[in-house]
Amino acid sequence: MDYKKIDEYVLQLVESSTPERTAWNLEKIREGKPASWNYIDGCMLTALMEMEAITGDQRYSRFVKECVDHFVGEDGSIRTFKPEACNLDDINEGRVLFALYERTKDERYRKAADFLRGQLGRQPRTQEGSFWHKAIYPNQVWLDGIYMAQPFYALYEKHFGAGDCSDTVGQIKNVRAKMFSQEKGLYFHGYDASKTAFWADPDTGCSKNFWLRSLGWFAVALADLLDILPEDGKRRDLASIFTELMASAARYADGETGLYWQVPDQGGREGNYLETSGSAMMSYAMLKGARLGVLDKEYAALGQKTFDGIMETYLTFTEAGLNLGGICLVAGLGPENNRRRDGSYEYYISEPVVENDAKGVAPFVLAYTEIKRLQP
């Protein structure tokens, strides 16, 4: 594997991006929308900070700072952020604020982190105490939202709070209690505590199927949280949930490539396909979990097989550089006025498959940083 080409690929993406238009945010590009504070760029900025940590190349953090400074005001306000939306996705980009504050001691980064933490304090919750995913999804918990909010929440507690992550751990335990399938060892994409959403099972409140990227978001969140939380009973509780999920997930990997299916428990079914973003997330989670000592060392080999499989299957070389394909652009559940997003098998395989979108590129780069940590 010519891993060095990946460094060139990531720098190519950075150098062709500006804070107003990032090369990896295909949703913005396709819809012609202006730049905003959003989770897609947030995922990529987190990956770029990890690239600098591994390579020492400050071009990565310089671009991260440019992007954040484009949105964060001197008073810590965040341009384009809409508090009334109660959108957990919009918390995610705040993860890089802690590293920027540590490096610069610029108070606006601390104030912006305070602002986002205050937003979580106002976030509506389900009857079990879990954050709603968004205001337009009342009483709903999505696996995606665990990644979007909880690592930021834990980082805030670590850097600026009392270090109490019991709320984070409690919400993840709620997910385990309500969204886990004992039969399949996987988690359903969404849960409606009111059990009234059109896509929800009237008895369990869960959605109909498992979606790979939502499982990937959850796995990455757990891996990252295990790197943030101190060694105590709460961390051990998370480790138990994480190891259970990774053991189950490994059963669904494609034997030849190591990749995972868009609908992971229905590999080989007509229309199903091996998907890049969720596969990269599983790769990263397994590699990092093994490095942290939470998973057995064999998981590092599994994670590397998946990463190499992505390279062989979906990374192509062109005159213009590299392209990473096989990425599901987006998927979700509802809202009420969008009944196409019903959580059915047919729905998940119908969403567009694209190249070079950050929802695939960022976890691929994160997995790559773990691969580089394995190298002598």
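Here is a conversation about a predicted model, its helices, cores, pockets and a few unusual residues.

Reader: Why is Gly 94 called buried?

Author: Buried means under 20% relative accessible area. Gly 94 has 0% relative accessibility, so Gly 94 counts as buried. You can find Gly 94 in the loop between helix H4 (59–71) and H5. Leaving out residues up to four places away in sequence, Gly 94 touches Trp 37, Leu 116 and Phe 152.

Reader: What makes Cys 86 buried, and Asn 139 partly exposed?

Author: The cut-off for buried is under 20%, and partly exposed runs from there up to 50%. Cys 86 has a relative accessible area of 13%, so Cys 86 is buried. Asn 139 has 25% relative accessibility, so Asn 139 counts as partly exposed.

Reader: What is notable about the phi angles of Cys 86 and Asn 139?

Author: Most residues other than glycine have a negative phi. Phi of Cys 86 is near 45 degrees, a positive value, and phi of Asn 139 is near 65 degrees, also a positive value. Both sit in loops: Cys 86 lies between H4 and H5, while Asn 139 is found between helix H6 (107–122) and strand E1 (140–142).

Reader: Where is there a cis peptide bond?

Author: Look at Gly 334 and Pro 335, which are joined by a cis peptide bond with omega of about 10 degrees. Most peptide bonds are trans. Pro 335 belongs to the loop between strand E7 (327–328) and helix H13 (345–348).

Reader: How do you know that the span of helix H10 agrees with what a helix should have?

Author: The expected span is 1.5 Å times one less than the number of residues. H10 (residues 233–250) has 18 residues, so it should span 26 Å; its end C-alpha atoms are 26 Å apart, which agrees. Among the buried residues of H10 are Leu 238, Ile 241, Phe 242, Leu 245 and Met 246. The elements covering the buried residues of H10 include helix H8 (166–179), H9, strand E3 (260–261), H11 and helix H12 (298–314).

Reader: What makes up the largest nonpolar core?

Author: This core has 123 residues, and those with the most contacts inside it are Met 44, Leu 48, Tyr 187, Phe 218 and Met 246. Helix H9 (residues 212–228) supplies the largest share, twelve residues. A second, separate core has 14 residues, including Tyr 137, Tyr 273, Leu 333 and Tyr 347.

Reader: Which residues are in contact with Tyr 187, leaving aside its neighbours within four places in sequence?

Author: Among them are Leu 143, Val 175, Phe 180, Phe 210, Phe 218 and Leu 245. Contact means heavy atoms within 4.5 Å, so each of these partners meets that limit.

Reader: How much space lies in the largest pocket, and what lines it?

Author: About 880 Å³ of space lies there. It is lined by 30 residues, and the closest to its centre are Glu 27, Tyr 39, Asn 87, Asp 89 and Lys 134. By class, the lining has twelve nonpolar, six polar and twelve charged residues. H2 gives the largest share of this lining, three residues.

Reader: Which residues and which helix line the second largest pocket?

Author: The second largest pocket has a volume of about 550 Å³. Of its 22 lining residues, the closest to its centre are Thr 46, Glu 50, Arg 95, Ala 99 and Leu 155. H5 gives the most to this lining, with five residues. The lining divides into nine nonpolar, two polar and eleven charged residues.

Definitions and conventions:
Residues numbered from 1 in each chain as written. Predicted model: local features only at pLDDT ≥ 70, side-chain atom pairs only at ≥ 80, totals over all residues. Heavy atoms only, no water. Core = buried A, V, L, I, M, F, W, Y, C linked by side-chain atoms within 4.5 Å. Buried < 20%, exposed > 50% of the residue type's maximum accessible area, 1.4 Å probe, protein only. Helix = DSSP H or I, 4+ residues; strand = E, 2+ residues; numbered from the N terminus. 1 Å grid on protein atoms, 1.4 Å probe; cavity = no way out; pocket = protein on both sides within 12 Å on 5 of 7 lines; lining within 4 Å. Points joined across faces, edges and corners; volume = space filled by probe spheres on them. Nonpolar A, V, L, I, M, F, W, Y, C, P; charged D, E, K, R; others polar.
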